[in-house]
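Please look over the sequence and the model below before reading on. The report then goes through selected sites one by one.

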Amino acid sequence: MRQGCRKYKPFAPIALPDRTWPDKTITQAPVWCSVDLRDGNQALVNPMNLEQKLEFFQTLCEIGFTEIEVGFPASSETEYEILRALIDHDLIPDGVTVQVLVQAREHLIRKTFEAIRGAKNVIIHFYNSTSTLQRRVVFHTDMEGVIQIAVDAARLIRRLTEEHMAKEDVDIRYEYSPESFSGTEVENSVRICDRVLEELGASPERKVILNLPNTVELSTPNTYADQIEYVCRHLKHRDCAIVSLHPHNDRGTATAATELGLMAGAERVEGTLFGNGERTGNADIMNLALNLYSQGVDPNLDFSHMNHIKRVYEECTGMKVHQRHPYAGELVFTAFSGSHQDAIKKGLERMQNDADAAGIDLADAEWRVPYLPIDPKDVGRSYEAVIRVNSQSGKGGMAYLLRTEHGLDLPRRLQIEFSGIVQHRTDSEGGEVTPEQLWDVFTDEYLPAADPTRRWGRYSFRDVHQESTGDGADRITVSLVADGEEHQITGIGNGPLDGFVKALAERQIDVRILDYAEHALTEGDDSLAASYIECEIGERIFWGVGIDGSITRASLEAIISALNREHRAR
Ligand code: KIV
Ligand code: ZN
């Protein structure tokens, strides 16, 4: 490739030394126009059929789009029929304007007016290509010729609108696109746009949409922003126009180009869900809307049912939403790395504590969770799916899953021990550990007695009896089963644990308790208790876990769990 790059020339920067957009911020949502059913559809291997287009249209309305480009009705019978179906079956909700695309050519414009009869709110979107390259290699004309095409089309559209409105009660608005705007000299873009505004009779009361497409993304996003600011500042009739962006994603920077274009003065955006569209696609409106949302700006679009939207999109287009797609991908709210999991867990806990302390609902608290730019719940995802475990994971994620799924609050050193066990298994078996597998590993390691079929321990116990010796100590009698044989063992100590350890010592089983923690697992009379005990057995340290309705039994089980683990480790 070393030689190959010589055939490419860098894009010439726009001369705009006093550009103002870098200091701007976006404080309100633009008007969104979905072009899924046109630009998106025309780019599909198998374009949508009528039924799919209608379903997609309805989903766009549910999301909250008020402007939807439904197709290019003069281009084909199918496109024509789809528009007719929407109008004839009264499927366009009040408040939604359908937009139709047409080339600046007389017979196509006439056919488009036929197609819209009966519609109440329409945007007629006409375009012709203006770029330096296309003028030279496709149209063999100069800028004057290109301006003339646009002016003729504008004149015809204005006349046909008058005729149409004389017959029907309809609101017709106009949109003009100098197609391939990003490859057009900015001075020429201004000239053609001003001429079109004049020809269409645009006024501050009847603004015309000037759509300035990044038809092919040719440079870094700041260049597009410069082009937009240049046009906004040099138009004679800026107050008669709504400046609209229509970015494509050839360089993978359509989202950035759109955001910088909005900072540069645009007030409307055309794009598609998940960025479907010609070549590398159009700007992704879902991505843009949620970027705004994450900055505290209401995007006026609702993506709270992201999974449903994704399903409709995938069924209708036959395209897949990538697992790492911003906000929507299956893995984007998932942390595998241990340090990330730990930080997320702590962030979520901290938010809950702060919300409790302030007496407010968690949903109303300021979102401050490391690694999660938005609350997954806002787009219909759950926290449970956030943390997933593989060989990269550390203790935080595993502890989080055990707490959220099973109510177990493991002490820190037990978390470390357990994560080593999980890592050992994932390293040797590879892949992800599901919450169910994680629980299996945990019970297999610490709670074998819970499942008699998996009983691997040397010890278990049947019963425990506790009585006071009268001098402040307790006599503990335990029926201990060792290798299938039951033994009564007794010890006197400071409480049941101490007594049990003494009783074990009588049998030359040396256990030293280093740490102890317990908590209730469930609420109510039949609540369960969990007990975690760190034991020194011989020269090694083992944690044991016990779960039982009685806290005494839970703690004795925890010691037995540690003893059994030591036995297995030999
Ligand atoms: O990308 C483009 O320039 C277009 C125009 C028709 C607006 O789709
Ligand atoms: Zn396009």
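The sections below cover the metal site, the ligand shell, the cysteines and some single residues.

## The model and its zinc site

This is a predicted model. The zinc ion (ligand 2) is held by three residues: Asp39 through OD, and His246 and His248 each through NE2. The coordinating distances run from 2.0 to 2.2 Å. Along the chain, the donors are spaced as D-x206-H-x1-H. Asp39 belongs to helix H1 (residues 36–42) and His246 to strand E7 (residues 241–247), so this pair ties together parts of the chain that are 207 residues apart in sequence.

Two of these donors can also be described by their accessibility. Asp39 has a relative accessible area of 3%, and His246 has 5% relative accessibility. Asp39 is therefore buried, because the cut-off for a buried residue is under 20%. His246 counts as buried too.

## The shell around ligand 1

The residues around ligand 1 are Arg38, Asp39, His125, Ser177, Glu179, Asn211, Pro213, Thr215, His246 and His248. The zinc donors Asp39, His246 and His248 thus appear in this list as well. By class, the shell contains 1 nonpolar, 6 polar and 3 charged residues. Helix H1, strand E5 (171–179) and strand E6 (208–214) each contribute at least two residues to the shell.

Three side chains place a polar atom at a short listed distance from an oxygen atom of ligand 1. For Arg38, an N or O atom of the side chain is 3.0 Å from such an oxygen. For His246, the distance from a polar side-chain atom is 3.1 Å, and for His248 it is 3.0 Å. On its own, ligand 1 has 260 Å² of accessible area, and the protein covers 94% of it.

## Glu270 and its partners

Where does Glu270 lie? Its place is in strand E8 (residues 268–271). With 0% relative accessibility, Glu270 counts as buried.

The side chain of Glu270 has polar contacts with two other side chains, those of Asn211 at 3.2 Å and Arg268 at 2.9 Å. Asn211 is also one of the residues around ligand 1.

## Cysteines

How many disulfides does the structure hold? The number is 0. Cys232 is in no disulfide, and the nearest cysteine sulfur, which belongs to Cys193, is 9.9 Å away. Cys232 is buried, with a relative accessible area of 11%.

## Two residues with positive phi

Most residues other than glycine have a negative phi. His140 is not a glycine, yet has a positive phi of about 45 degrees. His140 sits in the loop between helix H5 (132–139) and H6. At 63% relative accessibility, His140 counts as exposed.

Phe274 is not a glycine either, and has a positive phi of about 60 degrees. Its loop runs between E8 and helix H10 (285–293). Is Phe274 buried or exposed? Phe274 counts as buried, at 7% relative accessibility.

## Leu156 in helix H6

Leu156 is found in helix H6 (residues 143–167). Its relative accessibility is 8%, so Leu156 counts as buried. Leu156 and Arg191 are 35 residues apart along the chain, and their C-alpha atoms are separated by 20 Å.

Methods: Residues numbered from 1 in each chain as written. Chains lettered and ligands numbered in written order. Predicted model: local features only at pLDDT ≥ 70, side-chain atom pairs only at ≥ 80, totals over all residues. Heavy atoms only, no water. Donors = N, O, S within 2.8 Å, 3.2 Å for Na, K, Ca; no water. Helix = DSSP H or I, 4+ residues; strand = E, 2+ residues; numbered from the N terminus. Buried < 20%, exposed > 50% of the residue type's maximum accessible area, 1.4 Å probe, protein only. Near = heavy atom within 4 Å. Polar contact = N/O pair within 3.5 Å; in protein donor to acceptor, adjacent residues only side chain to side chain. Areas by Shrake-Rupley, 256 points an atom, 1.4 Å probe, with all protein chains shown as cover. Nonpolar A, V, L, I, M, F, W, Y, C, P; charged D, E, K, R; others polar. Disulfide = S-S within 2.5 Å.
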